[in-house]
Amino acid sequence: MDPEVDLQQAAETPAETTGPPPRMTRQQILTLISMASVNFSSMICYSILGPFFPNEAVKKGASQTVIGLIFGCYAVCNLIGSLIMGRYIVQIGAKFMLVAGLFVSSGCTIVFGLLNRVPAGAPFISLCFIVRSIDALGFAAAMTSTFAMTGKIFPNNVATVLGSLEVFTGLGLILGPPLGGLLYQSFGYEVPFLLLGCLLLIMVPFNIYVLPSIEAEPSKDSFFSLLTKGKIILMCYVIFTLSAGLGFLDATLSLFAMEKFNLSAGYVGLILLGLSLPYCLASPLFGYITDKYPSTRPWFMVSGGTATAFGFFMLGPIPFLHIQSQLWLVVFMLGVIGLSLGMTAIPTFPEIITSAYEQGYDEGLSTLGMVSGLFGAFWSSGMFYGPVVGGLITQHLNFEWAAAVQGGVALLGAFLLAVYYLCHPQQQQQQQQQQQSVRKDSRPTDERSPLLTE
């Protein structure tokens, strides 16, 4: 099943009846299932490293800084891949890009599980960099195409659909650390990667069968003109702060918890549930609210950024407060960070899309691909900054000060975005009126309309 679908034409076709819109077609449902499977399988393979890989890398002769660079190189290659894939998504094809990305990521996950057989020192560290870099390119291809196809198929409900899909992202983040930690404790280093790599590989034929092909015309617009608007730059910086926080926790939290509270890798994985569970549960609600009431998006982002900063300040806690670090406080602050991540991340993608359309970009797959690539690029920049800088500060100072610095980065983003929206109230009102007009004109083509035909 590989239907050629012109979604743009379908989205512009008015409803012929005035009755209630029909339910989603079978193809639409299968497409959502496909995207959910990509989110879940990709994130569970990504998140299994946190509980045990830093400790295993130390045994192989890697320092805290090198471990941060191993996590960071993934982000750098993801950044480069996101920009390239986003710019040429029409020429490559969204479906082929997604399927190929899954295949590459599955192979790299399996190979990464065999690196414990490599001699310690330079050989192990070098292969970690190589495999993680290739894996990042596959991940960038899969996620860029997923975001773009979501925006194309559900143009008026992007945040709602993304929020629903983020449930599966959250499930991957939830299950990855404890599953990886338990498998590592029970069977050793290889089994977590081999098992989950095969799971990712199974998703390849499923998505080949399920996903539709999308036809679109390439655009002559570029990323650089998107970055000429102050609001887009600020939102991209907010994206950077969020991913920097997550990257910092990936590279440092497990070692901190093991040393501070004498926990095993399995228990560290359970602690990380405090981060991913609130994000998983709250994302659909945030998506629904910000789609139904677009005027709330700016203040969701500002409030979420502020809450993220508070979470990192108290995670250590920050040394000058002289508060003793306790396990319950760490888990609670991880929950605050997870909840605020959903508040901030879910509204940013549709808000950047709206800003791109305001600049005159074509409403098609090409623009959505560039926005997806831009989102992925800044997310990857943060994922590089967080582990590398966080690892350096942790190595030369301690985890408490590194978490405080990360909180300051998040607070700066929330502050700058709040100042911008307070200084441009008229622009915000005009945008809200345009969004309401578009939603009225295209009301028949919400997520229940048959945008896909078989």
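A contact is counted where heavy atoms lie within 4.5 Å. The structure is a predicted model, in which local features need pLDDT of at least 70 and side-chain atom pairs count only at pLDDT 80 or more, whereas totals for chains, interfaces and linings use all residues. Residues are numbered from 1 along each chain as its sequence is written, and side-chain values use heavy atoms, with hydrogens and water left out.

The protein chain holds 18 helices and two strands, where helices (H or I, at least four residues) and strands (E, at least two) are DSSP runs numbered from the N terminus. Of the contacts in the protein chain with a separation of 6 or more, 87% are accounted for by residues 24 or more positions apart. Buried residues, meaning those under 20% relative accessible area (exposed is over 50%, partly exposed in between; 1.4 Å probe, protein chains only), make up 59% of the 454 residues in the protein chain. The accessible surface, computed by the Shrake-Rupley method with a 1.4 Å probe and, for residues, with only the protein chains shown as cover, comes to about 18,000 Å² for the protein chain, and 67% of this belongs to carbon and sulfur atoms.

The largest nonpolar core has 114 residues, among which Phe53, Phe112 and Leu315 touch the most other members; such a core is a set of buried Ala, Val, Leu, Ile, Met, Phe, Trp, Tyr and Cys residues joined through side-chain atoms within 4.5 Å. Helix H11 (residues 230-261) gives the most to this core, with 16 residues. When residues up to four places away in sequence are not counted, Phe53 touches Ile70, Phe71, Phe112, Phe124, Cys128 and Tyr189.

On the surface, Leu69, Val76, Ile80, Ile84, Tyr88, Ile92, Phe96 and Phe384 form a nonpolar patch with about 680 Å² of accessible area together. Patches are made of residues with over 30% relative accessible area and no salt bridge, like charges being joined within 9 Å and nonpolar side chains (Val, Leu, Ile, Met, Phe, Trp, Tyr) within 5 Å; a salt bridge is a side-chain nitrogen of Lys or Arg within 4 Å of a carboxyl oxygen of Asp or Glu. Helix H4 (residues 64-87) supplies the largest share of the nonpolar patch, four residues. Phe384 is found in helix H16 (residues 365-396) and is partly exposed, with a relative accessible area of 31%.

Proline 350, in helix H15 (residues 327-358), is buried, with a relative accessible area of 5%.
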